Amino acid sequence: MQAAHSHRAFFAQLVTSAAGASKNDRLREAFATTPRENFVGPGPWKIFAGGNLVETPTSDPAFLYQDVVVALAPERHINNGQPVLHAMCLAALNIQPGESIIHIGAGTGYYTAILAKLTGHTGSVLAYEIEADLAARAAANLADAPNVSVGNRNAAVGELPSCDVIYVSAGATGPLDTWLDALRPSGRLLFPLTSSDGPAGAPGPGAMLLLTRAPNPAPDAAPSSTQIFAARFLSPAIFIHCTGARDDLTAAKLAEAFKRGDATNVRSLHRHTPPGATGWCAGENWWLSTATPP
């Protein structure tokens, strides 16, 4: 028991430091108090290394407390993702106690549990997972978290309740209207913006995109009114596709945009207006711009 506690404490310090969040005490504590072995199934585990799966020699949880991707359902390319990447994303979201969070693509609930600890008992997390077996596992794994509810649902279809944060763990070719419409003032959406597949079906280039709604949007603005969100890319990322959140034409345009190597210049996202001279890439009813939002 003491060894497991020490492994988690070191792991939490390791991943938050590597993510540039060494001073984020709440994030470090959330990682340190969430047993990863409770969410990835019984060992030995299959871990990704250099594009291959390597099986751990035993079921010792110490193997999980590294910056490794752990296979949950390898035949479906579903994994428990890279801890440093998620630590970087959660630090950027800057979740505050009491906030309402939607987690799309919850898997078996590991990062949902960390989200729940960041928002605390006064906040809430609504987790959606499209795969029925994984949703059932997540619900069981999170049964002792009173501020979490899990639904077996495709969160790319239908409306979402209003919230402060949406965290998506599956690759989309653009921000869905339902995701953006659900954000409250100063709300944040963070998702993998991913392009078309590469050779032999390998995932194409993509990156984590953070969008932030204005703190004081016009209260009487119609849903079709022009909106501008602050936008920035955090890190390159490869994720399984988000069902219902992909468009082949936009995916191809994104592949070309990412190849230019200037994604770090993106500063804003515009809705319901034609692309302007500062456009970086455009989808249906949205476009990314290199101009700083007003």
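Mentor: Start with pairing. Two strands pair if DSSP finds at least two bridges between them. Keep in mind that this is a predicted model.

Trainee: What is the strand order in the open sheet?

Mentor: The order is E7-E6-E5-E8-E9-E10-E11-E12-E14-E13. That makes 10 strands, with mixed pairing.

Trainee: What makes E7 and E13 edge strands?

Mentor: Strand E7 (148–151) and strand E13 (279–283) each pair on one side only. Neighbouring strands in this sheet are turned by 20° against each other on average, direction ignored.

Trainee: How do you know that E10 and E11 pair?

Mentor: Count the bridges. E10 and E11 (residues 227–236) share 5. The cut-off is at least two, so they count as paired. The sense is antiparallel. Leu209 has its bridge partner in E11, namely Phe233.

Trainee: And E13 with E14: how many bridges join them?

Mentor: There are 4, and the strands run antiparallel. The cut-off is at least two, so this is a pair as well. Gly279 stands opposite Ser289 in E14.

Trainee: How many residues lie between E13 and E14 in their hairpin?

Mentor: There are 2 residues between them. Asn285 sits in that turn.

Trainee: What makes the phi of Asn285 worth a remark?

Mentor: Phi is near 70°, a positive value in a residue other than glycine. Most residues other than glycine have a negative phi.

Trainee: Why does Asn285 count as partly exposed?

Mentor: Its relative accessibility is 39%. Partly exposed lies between the buried limit, under 20%, and the exposed limit, over 50%. The value falls between them, so the label fits.

Trainee: Which other residue has a phi near 70°?

Mentor: Ser186, which is also not a glycine. Ser186 lies within strand E9. At 33% relative accessibility, Ser186 is partly exposed too.

Trainee: Why is E13 described as largely enclosed?

Mentor: E13 has 5 residues, and 4 of them are buried, so the rest of the structure largely encloses it.

Trainee: Which strands does helix H7 lie across?

Mentor: H7 (residues 248–259) lies across E9 (183–194), E10, E11, E13 and E14 (286–289). Its angle to E13 is about 165°.

Trainee: Now the other edge. Why is Val150 called partly exposed?

Mentor: Val150 has a relative accessible area of 27%. Buried needs under 20%, and exposed needs over 50%, so Val150 is neither. Val150 lies in strand E7.

Trainee: Which residues does Val150 touch, beyond four places away in sequence?

Mentor: Ala127, Ala135, Ala138, Ala139 and Leu142.

Trainee: Next, the largest nonpolar core. Which residues touch the most other members?

Mentor: Phe31, Leu90 and Ile114, out of 39 residues. Several elements each supply at least two core residues: H1 (2–18), H2 (25–32), H3 (83–93), H4 (110–119), E8 (163–168) and E10 (206–212). H4 gives the largest share, 7 residues.

Trainee: How do you know that H4 is mostly covered?

Mentor: Of its 10 residues, 9 are buried. Among them are Tyr110, Tyr111, Ile114, Leu115 and Leu118. Gly120, just after H4, takes a positive phi of about 75°.

Trainee: What does Ile114 contact, leaving aside neighbours within four places in sequence?

Mentor: Leu27, Ala30, Phe31, Thr34 and Leu90. There is also a second, separate core of 37 residues. That core includes Val168, Leu189, Leu211 and Phe258.

Trainee: What kind of peptide bond runs from Gly43 to Pro44?

Mentor: It is cis, with omega near 0°. Most peptide bonds are trans. Pro44 lies in the loop between H2 and strand E1 (46–49).

Trainee: Last, the whole chain. How does its radius of gyration compare with that of a compact globule?

Mentor: For 294 residues, the globule rule gives a value near 19 Å. The chain has 19 Å, so the two agree. The C-alpha trace spans about 55 × 45 × 35 Å along its principal axes.

Trainee: What share of the residues counts as buried?

Mentor: The share is 48% of the 294 residues. The secondary structure comes to 7 helices and 14 strands. Take contacts between residues at least 6 apart in sequence: 59% join residues at least 24 apart. The accessible surface is about 13300 Å², and 55% of it belongs to carbon and sulfur atoms.

Terms used:
Residues numbered from 1 in each chain as written. Predicted model: local features only at pLDDT ≥ 70, side-chain atom pairs only at ≥ 80, totals over all residues. Heavy atoms only, no water. Core = buried A, V, L, I, M, F, W, Y, C linked by side-chain atoms within 4.5 Å. Buried < 20%, exposed > 50% of the residue type's maximum accessible area, 1.4 Å probe, protein only. Contact = heavy atoms within 4.5 Å. Axes fitted to C-alpha atoms, helices over the stretch in contact; angles between N-to-C directions. Rg over C-alpha atoms; globule rule 2.2 N^0.38 Å. Areas by Shrake-Rupley, 256 points an atom, 1.4 Å probe, with all protein chains shown as cover.
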